[in-house]
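Colleague: Could you look closely at one part of this model and then set it against the rest of the chain? Please state your cut-offs as you go.

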Amino acid sequence: MAMVASSGTNDSIQNMVIIGSGPAGYTAAIYAARANLSPLLITGFQRGGMPGGQLMTTTQVENFPGFPDGILGPDLMDRMKAQAERWGTRLVEADADRLDLQQRPFLVEADGDVFRTHSLILALGARANRLGIATEARFWAKGISACAICDGATPQFRGQPLAVVGGGDSACEEAAYLTRYSSEVHLVVRRHELRASRAMVDRVLANPGITVHWNRQLVACHGEAWLESITLQHSQDPEQREKLSVQGVFYAIGHTPNTELLKGQLGLDDGGYVELPCPGAPNTTIEGVYAAGDVADRRWRQAITAGGSGCQAALAAERWLTESNLARLMARSQPEPAAAVLPQQQEAATAASFDPAAAWQKGSYSLRRLYHESDKPLLVVYTSPGCGPCHVLKPQLRRVIQELDGQVMGVEIDIEVEQEIAQQAGVRGTPTTQLFWRKALVQQWQGVRQRSEFHRSIANLLDHGT
Ligand SMILES: Cc1cc2nc3c(=O)[nH]c(=O)nc-3n(C[C@H](O)[C@H](O)[C@H](O)COP(=O)(O)OP(=O)(O)OC[C@H]3O[C@@H](n4cnc5c(N)ncnc54)[C@H](O)[C@@H]3O)c2cc1C
């Protein structure tokens with residue numbers, strides 16, 4: 001999966017490795033790349049969220065400066081990524097699996113590749129918590145979701161009663177968002193108050209589609225193949241229980257810093273956040289290692305604060321590399337790099353625009369034609385516009401198709417636009433990917449997967465017909 005080094009130890013020593021591709025990681029990369037340090041950024045894949053970080057799971061970001069009308073979270077992250085790449089950041093699309101900060105240069109292992117680096121920026125962010133109730137695993141993705149924005153638009157949830165668990169900004173935002181699709185949204189709040197901003201609290205309480213259940217905890221989920229109801233229990237009185245009929249439960253119950261990788265390597269505080277001994281400075285307990293964003297911030301937790309601390313970390317690392325005489329600057333042939341490349345929106349094909357030879361297409365017209373007429377394996381990905389994981393998966397699938405050089409076709413279906421097709425296909429969340437061959441469904445994947453998984457399945461199909 002790693003794009004930069006081949007397998008094994010990479011001989012050259014990096015100036016700077018950045019781990020994490022949220023606002024903190026990309027901002028650090030933009031600063032370091034503009035300082036000609038040619039940083040290597042390990043984006044993360046599955047271990048602690050996804051490439052692009054937490055904003056990939058939200059819709060409109062209304063408070064990031066420079067976007068007066070707001071911007072979709074995934075679009076904002078696409079822009080940060082493009083800006084970082086434009087100035088020469090090298091991306092490794094993998095999780096960092098192991099660190100050794102006891103030796104210099106530091107070692108970072110990602111997907112089998114070992115990188116040596118003089119300086120390191122930890123921008124690993126945080127991830128959504130789960131409740132851990134008994135039936136959680138059974139109903140996960142069959143009614144329970146941690147991302148209203150990703151899954152709210154799916155047919156199973158539309159017009160159905162839904163619940164959101166949590167009492168902070170995320171819970172309020174998700175409850176308000178879900179009223180687009182359901183007029184009956186229950187907000188389950190453990191305490192007698194909401195811990196959200198005043199504006200958010202007012203918005204929720206004034207929304208006739210939201211019923212707040214104060215002092216209540218979710219303790220059980222029920223149903224057959226899909227979630228049908230939940231049991232709420234009074235937070236102080238376990239005898240007080242009630243059942244609510246809902247087809248969906250969305251968790252919004254806080255985050256845990258992604259610091260498992262760092263245990264025993266450097267100082268962490270009681271909550272597992274990276275310890276920053278000098279308040280306001282990005283320096284960790286190890287010289288040459290810096291932290292930025294939510295991984296070291298239990299208080300502000302905003303895209304702009306994460307970005308700001310990413311900038312601080314890059315500047316501090318740059319100064320330290322220069323003072324230590326370790327920096328090796330890249331030479332630019334042009335002072336101004338070429339324009340940034342942003343993902344393009346594709347139009348759904350019509351009878352007039354359909355091209356049977358195009359390896360990647362959009363819309364049900366293409367799907368029908370290729371399903372009936374093509375003898376090649378067909379990858380169909382069901383997406384929705386605000387779904388961050390879809391932003392991550394689509395380029396992966398496009399690359400699989402490109403790498404297989406005409407042996408397989410791909411079609412994207414936007415389930416917001418093509419509800420009926422999504423219903424017929426039994427789609428229960430986005431992204432869902434289906435592999436068809438000779439009019440039969442061979443395999444289905446939910447969520448983001450490594451390219452190697454798709455390659456394996458398609459190779460099996462082509463080699464053995466299974
Ligand atoms: C639903 C929701 C809505 C929000 N809305 C807003 C908003 O409107 N405005 C706002 O300012 N903030 C908002 N926030 C908060 C904001 O998203 C975070 O504060 C911000 O994303 C933190 O940035 P970060 O770079 O520190 O970490 P993250 O965004 O969490 O990114 C962490 C990165 O580290 C990577 N990573 C983790 N482990 C590894 C590993 N082992 N190896 C490699 N990489 C790894 C992850 O893949 C990810 O790329 C929202 C958050 C949520 C959940």
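**Helix 9 and its setting**

Modeller: In helix 9, the buried residues (each with 20 or more other C-beta atoms within 10 Å of its own, the C-beta atoms being placed from the backbone) are Gly 388, Pro 389, Cys 390, His 391, Val 392, Leu 393, Gln 396, Leu 397 and Ile 401. The model is predicted, so local features need pLDDT of at least 70 and side-chain atom pairs count only at pLDDT 80 or more, whereas totals for chains, interfaces and linings use all residues. Residue numbers start from 1 along each chain as its sequence is written.

Helix 9 covers residues 388-403, where a helix is a DSSP run of H or I with at least four residues, and a strand a run of E with at least two, each kind numbered from the N terminus. From its first C-alpha to its last, this 16-residue helix reaches 24 Å, close to the 22 Å expected at 1.5 Å a residue, the expectation being 1.5 Å times one less than the number of residues. As background to the list of buried positions, an α-helix has 3.6 residues a turn, so residues three or four places apart point the same way. Just after helix 9, Asp 405 takes a positive phi of about 45°.

Turning to the whole chain, there are 11 helices and 24 strands, and 43% of the 466 residues count as buried. The C-alpha atoms fill a box of roughly 65 × 60 × 40 Å along the principal axes. The radius of gyration, taken over C-alpha atoms, is 23 Å, which agrees with the value near 23 Å for a compact globule of 466 residues, by the rule of 2.2 Å times the number of residues to the power 0.38. Counting as contacts those residue pairs whose C-beta atoms, placed from the backbone, lie within 7 Å, residues 24 or more positions apart account for 66% of the contacts with a separation of 6 or more.

The chain is divided into domain 1 (8-127 + 255-323), domain 2 (136-251) and domain 3 (360-464), with bounds from an automatic or database domain assignment. The C-alpha centres of domain 1 and domain 3 lie 32 Å apart. Their contact takes 12 residues from domain 1 and 7 residues from domain 3, and on the domain 1 side helix 2 (residues 73-86) gives the most, with 3 residues.

How values were computed. Contact = placed C-beta atoms within 7 Å. Buried ≥ 20, exposed ≤ 12 C-beta atoms within 10 Å, placed from the backbone.
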